[in-house]
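Got the viewer open? Switch to a cartoon view and keep the selection box handy, then follow along stop by stop.

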Amino acid sequence: MKKPFYLLCCVAFIISVTMFPIRTANAVNAVTPKAKILMEATTGQVIYSQNSDQKLPMASVTKEMCLLLWAEDIDSGKLSLEEKVKASAYASSAEGSVIWLNAGEEMTAAELLEAVIVSSANDACIALAEHSAGSEAQFVKRMNERARELEMNDTRYTNCVGFDDSGHYSTAHDIAIVTAELMKHDVYRGWMLTWLDYLRDGETQLVNTNKLVRTYNGILGGKTGTTDNAGCCLSVCAERGDMRLVAVTLGCKDDDERFSTAKELLDYGFNSFEKFTPETDLTKLKEIPITHGVVETTKPIIKNQGIECVIKKGRAADVKYEYTFVEECEAPVEKGQFMGEYLVTLDGAEVFRSEIVSKEEIPRLNFWRCMQMIFKEIFSF
């Protein structure tokens, strides 16, 4: 009787495993964001990253580059918040999140910008792109040019709103760069933090897609994005004291995951890290021999002296400093020429690095310079 009983138990076990699989580590990892990063905005220092250089679709987080270009246009006087923008038939045909623009309808740039920032309106975004560059294609060209200027080397735009396209992608790291740059502009600050507003005399409701604007202490703003290929994406910026942090998460499974992940990243940064200015020991900056120069030696300087970085809280006493130098330099030497490196580490990890450079130009010694030096010495008596 025991044999059939054991056989029955084995069959039941196989069925249970098949129908109700055990949650392995791989299964858990499968539902986490595809990429995420936490960066300190003012220094550009990465505090945490996971797959942050992986090229991924970014959905409407795309619009951050649009907003950056328009902010720069506003600052330069190329775009006025009060000027009228007429919607084309193409803009009015946009799908997804929209404010239902009619072809030929006019709104101010301010109204359309608020629609883009608060409710991620695709039709408003296209209308502004066409207005400021003549066509969406020309505006996308500007987006890619600005990305290259910001050294967002793993980003490519094919449209201005974030529709899925095989050639349209970015990385969490690149998005953190454009987010930090965008947050330097205060023109959008009020709209970034607006939870609910109306256009067309109350007929069109705008609801902020970024839930953290209502719940997170120090939030400055950000951008959400959702498509079938991209999943749920988010880039946000928050500030407390002298710390300004950018959190980006791409490829989340749902709304809750993108906001909880961003909140966890921001909390980790604010709770565990602080700003720190590396010390400079001038006695460590040794004289560098100069061959064939008008002087025999020169004392270099640290190029980026006094610039802040980010370290773990309460660990300033544990920071280590390393100074390395070239053996010698041959004249002529240019001002700012590389002469060594200054490295700051904590627990063996780099937290700051700067070149050590020449503080002056040093000409090469030739016959005429030699004669000038001889005569100068003679007549100095």
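Which strands form an open sheet with mixed pairing, and in what order? There are three, running S12-S11-S16. Strands here are DSSP E runs of at least two residues, helices are H or I runs of at least four, and both are numbered from the N terminus. Two strands pair if DSSP finds at least two bridges between them.

Before you click further, some ground rules: this is a predicted model, so local features need pLDDT of at least 70 and side-chain atom pairs count only at pLDDT 80 or more, while totals for chains, interfaces and linings use all residues. Residues are numbered from 1 along each chain as its sequence is written, and side-chain values use heavy atoms, with hydrogens and water left out.

**Stop 1: the mixed sheet**

Select 297-298 and 329-330. These are S12 and S16, the edge strands, and each pairs on one side only. Now add 288-291, which is S11; S11 and S16 run parallel, with two bridges between them. To see one bridge, show Thr291 and its partner in S16, Glu330.

**Stop 2: the antiparallel sheet**

Next, pick out the four strands of another open sheet, ordered S13-S18-S17-S15 with antiparallel pairing. Its edges are S13 (301-302) and S15 (320-325), each paired on one side only. Colour 338-346 and 349-357 to bring up S17 and S18, an antiparallel pair with eight bridges. Thr345 sits opposite Glu350 of S18.

Stay here and turn on the side chains of Arg353 and Glu341. They make a salt bridge, with the closest N and O atoms 2.8 Å apart. The pair links distant parts of the chain, since Arg353 is in S18 and Glu341 in S17, twelve residues apart. A salt bridge here is a side-chain nitrogen of Lys or Arg within 4 Å of a carboxyl oxygen of Asp or Glu. Arg353 is partly exposed at 37% relative accessibility, and so is Glu341 at 26%. For the cut-offs, buried is under 20% relative accessible area, exposed is over 50%, and partly exposed lies in between (1.4 Å probe, protein chains only).

**Stop 3: more salt bridges**

The structure has 19 salt bridges. Try Asp318 with Arg315, where N and O are 2.7 Å apart. Asp318 is partly exposed at 34%, as is Arg315 at 21%.

Then jump to Glu257 and Lys253, whose closest N and O atoms are 3.6 Å apart in a salt bridge. Which partner is buried and which exposed? Glu257 is buried, at 10% relative accessibility, whereas Lys253 is exposed, at 52%.

For a network of salt bridges, select Glu72, Arg146, Glu149, Glu181 and Lys184 together.

**Stop 4: a nonpolar patch**

Switch to a surface and select Leu196, Tyr198 and Val207, a nonpolar patch with about 250 Å² of accessible area together. Patch residues have over 30% relative accessible area and no salt bridge; like charges are joined within 9 Å, and nonpolar side chains (Val, Leu, Ile, Met, Phe, Trp, Tyr) within 5 Å. Areas come from the Shrake-Rupley method with a 1.4 Å probe, and for residues only the protein chains shown count as cover. Leu196 lies in strand S5 (196-199) and is partly exposed at 40%.

**Last stop: zoom out**

Show everything: the protein chain has twelve helices and 18 strands. Of its 381 residues, 46% count as buried. The chain exposes about 20000 Å², with carbon and sulfur atoms supplying 52% of it.
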